[in-house]
Amino acid sequence: MTEAFTERFLTARRELIRREFSDLNERQREAVLTTEGPLLLLAGAGSGKTTVLIHRIANLIRFGCASDSRECPDWITEADVEQMEQALRLPGPMTPEIAARCALRPVAPWSIIAITFTNKAAGELKDRLEAMLGAQAQDIWAMTFHSACCRILRREIDRLGYTGRFTIYDTADSERVMKDVMHDAHIDERELPARLILNQISRAKDRMLFPEDYEKRAADYREQLVSRCYVDYQRRLREANALDFDDIILLTVKLLQDYEEVREAYQRKFRYVLVDEYQDTNNLQYLLTALLAGGYENLCVVGDDDQSIYRFRGATIENILNFENQFKNAKLIRLEQNYRSTKAILDAANAVIKHNRGRKGKTLWTKNEDGVGITLKRAVNEAEEANYVAGRIFAMKGSGSYRDFAILYRTNAQSNALERAFKFNGIPYRIIGGTRFFDRAEVKDMLAYLWVINNRADNLRLLRVVNNPPRGIGAKTLETVDRLAEAAGLPLYLVLSDPYHYPALEKSAAKLMSFVLLIEECAALLDTLSLPDFYDALVEKTGYAAMLEAKGDVESRTRLENVRELRSSLVGYVENHPDDASLNGFLEEIALYTDIEAYDASADAVVMMTMHAAKGLEFPHVFLVGMEEGLFPSLRCIGEQEEMEEERRLCYVAMTRAKKSLTVTCAQQRMLYGRTTANKVSRFVEEIPQDCLANPVQKQRQSLGPQPRQSPGLPYPPQHRPSRPFQSFVQNAPAKELPEYRPGDSVVHTAFGRGMVISVNKMGNDALLEIAFDGKGTKRLMARTASAHMKKA
DNA sequence: TATCGTAGTGTTTTT
DNA sequence: CACTACGATA
């Protein structure tokens, strides 16, 4: 094989591959084709970083690692090269045959791990990879830090004295444990709140300080208190075979550090490591990343220091800033071209973020059109603000669709006023986050049963269900059980399953035994029944359903619906895991999936969420509401340089979600925890240059922006408390008692007479109906409310 | 032992 | 305002 031949082949191959990624810009392509070694991708908002990530993986799998390879395999023939050169002269993508010739040392999908922060991001990554690569994409480890660690731990955690059936405690569970710890240690919560201690512990874990290490370092009295709590807290978790969120990462790092054979196995497995949102990693996550990538050092991290918004939970931008020191020969590529937003939006966002001092410094630019200026609205209160947003969306929508609009706020509580205004004005909406399904007491109860069946040592969950529904096992008995367990060094369950062994439990022995039998009986069903059927049996056998049915009030019925709704989560899980469905797997998924994606994404609705939740998303039209000093930036950040900068980054993230238009609103006064407060306009608004605004400040007092059509402004509903006991969540449950409306149905309304349903827009457990009434015009009504005055004809 | 009522408390963002 | 913790009562 001559040198000239090799050269021809390599040139043709390189050019073909470059052309395969011709829809990327120069920098993006460089990022895709730089496959070896440490790579830091500084990717601004809207710079197409996810696309780059996906193409990068696709390139590895399709063409192999070395786009700059110097080798020419001996199976390449003259005919091959000629074919390749000819293909170069023709437009269009490669044929499969030619692609196969270009594939030198293709990378196995299972040797790639792509880590993200949120499940949403991981899901999107998976979907897009699958769309591009087909079934082989399933072997790529595309998941969150936590789920990746769980997967490793399930296999390896035995070494650390836990079992693979470990339980995961969420923040609420951790807090419960900590409160118990403090109660037993006679530490007053008013002196030192449990949350604060947990925060300290979390920070200790981030620095890899185990209880015994922390104990040695505890300097002052306060730290000694924390230390005592830490020791006991960790002991309880260990005894319950339970891990909190931090432990999941911490123990994985420990495992990889201390056990050479484990470390080597994973380092050999993962030839390519990719980490998204690197600016949000904490120290532990950095260590984990470094360990995983430690074998081949093919590590690509993507991040944007301006979008770091999780400092409050330990994320440190240092990881980005130090990357080039930590990894020798790291390459840096900046992606600064923005493909998402108009110039006006980008200018405004750039101007705001410029006020931060601790940044790596970059300026996004775009070839997009100038676009319209940013609209600013000052409302008198949150009701008017919400109403304004509703009206403006209604006016802007035209023939477009509602899903083009997003409303972003700082705190979940702000959704209330918006929800009311949208309901009243008949605009369909969808709320992401907020009160979570899995946080509902009744759902947690059922989950607690499942956890206990999965891991009998889970004391916390055991205590939650042992007397729920009431079985006559009261606080007194449980105290005794606890004491005995403590003395014997056994999990509660073992003591209470052997009550005749302890004289002190004589009196309640029968009750305890029947509970234990119940649990064991249910657990046995797991072997014979499918997960959903097993769950049905559980709901009945435990008497939980009966308890709720007996009460029979509205609230209980709603709760029963939620209990049954959990079944569909199980069904969904089983469908997604045809081969490896297990109770353990289901519970893990639930524990790590705080944000439930069960909403109907196909419905055409305005979406509302916190600014944090919006990271990584984009919308044609974005509304930023509640832009007031004290709310955003939040009160506790004012006067704190560092925290203020984080808040500003959050603002930057929020603004850069918008593609075409950005509307910024605030209220002169608003109800905040039952108190009316007057707030100044947010400093972030002041930081937007005048010439980016559609309506410069002077004119602000007059009507701004287009008025809602039904002027003078849509009426705001009277302050009635909509009777909503626990309604907030049934959102996802099919509302059985509601008549199903379909377009074309004839209806009779007590006030409007005869009409025909034109459109139905599902919104949670309700639906927005558009009905043309004979002689009364077209009305928009919520199905739930309207049904009281209307029936199908 | 279960339930109800009251007083007190704390309110960001998420895996 | 909303939620929790705790204490009094059936």
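Here are three short exercises on this structure, which is a predicted model.

**Exercise 1: the sheet**

Work out the strand order of the open sheet of 6 strands, and find which strands sit at its edges.

*Solution.* Start with some background: strands in a sheet pair through backbone hydrogen bonds, either parallel or antiparallel. Now walk across this one: the order is β11-β16-β15-β12-β14-β13, and the pairing is parallel. Next, look for strands that pair on one side only; these edge strands are β11 (375–379) and β13 (429–431). As you go from one strand to the next, the twist averages 20°.

Now zoom in on one pair. Strand β11 runs parallel to β16 (residues 658–667), and 5 bridges join them. Take Leu376 as an example: its bridge partner in β16 is Val664.

Finally, add a helix. Helix α18 (residues 382–397) packs on the sheet and touches β11, β12 (405–409), β14 (606–610), β15 (619–624) and β16. The direction of α18 makes about 155° with that of β16.

**Exercise 2: two cysteines**

Decide whether Cys300 and Cys522 are buried or exposed.

*Solution.* The cut-off you need is this: buried means under 20% relative accessible area. Cys300 has 0% relative accessibility, so Cys300 counts as buried. Cys522 comes in at 1%, so Cys522 is buried too. While you're on cysteines, count the disulfides: the structure has 0.

**Exercise 3: the DNA**

Find which residues surround DNA strand C.

*Solution.* Look around the strand and you'll meet Arg176, Lys179 and Gly674. Then pick out Arg176: one of its polar side-chain atoms lies 3.4 Å from a phosphate oxygen of DNA strand C.

Note on methods:
Residues are numbered from 1 along each chain as its sequence is written. Chains are lettered from A and ligands numbered from 1 in the order in which they are written. This is a predicted model: local features need pLDDT of at least 70, side-chain atom pairs count only at pLDDT 80 or more; totals for chains, interfaces and linings use all residues. Side-chain values use heavy atoms; hydrogens and water are left out. A residue is near a molecule or strand if one of its heavy atoms lies within 4 Å of it. A polar contact is a pair of N or O atoms within 3.5 Å; within protein, one must be able to donate a hydrogen and the other to accept it, and residues adjacent in sequence count only if both atoms are side-chain atoms. A disulfide is a pair of cysteine sulfur atoms within 2.5 Å. Buried means under 20% relative accessible area, exposed over 50%, partly exposed in between (1.4 Å probe, protein chains only). Two strands pair if DSSP finds at least two bridges between them. Helices (H or I, at least four residues) and strands (E, at least two) are DSSP runs, numbered from the N terminus. Axes are lines fitted to C-alpha atoms, for helices over the stretch in contact, and angles run from 0 to 180 degrees between N-to-C directions. Contact means heavy atoms within 4.5 Å.
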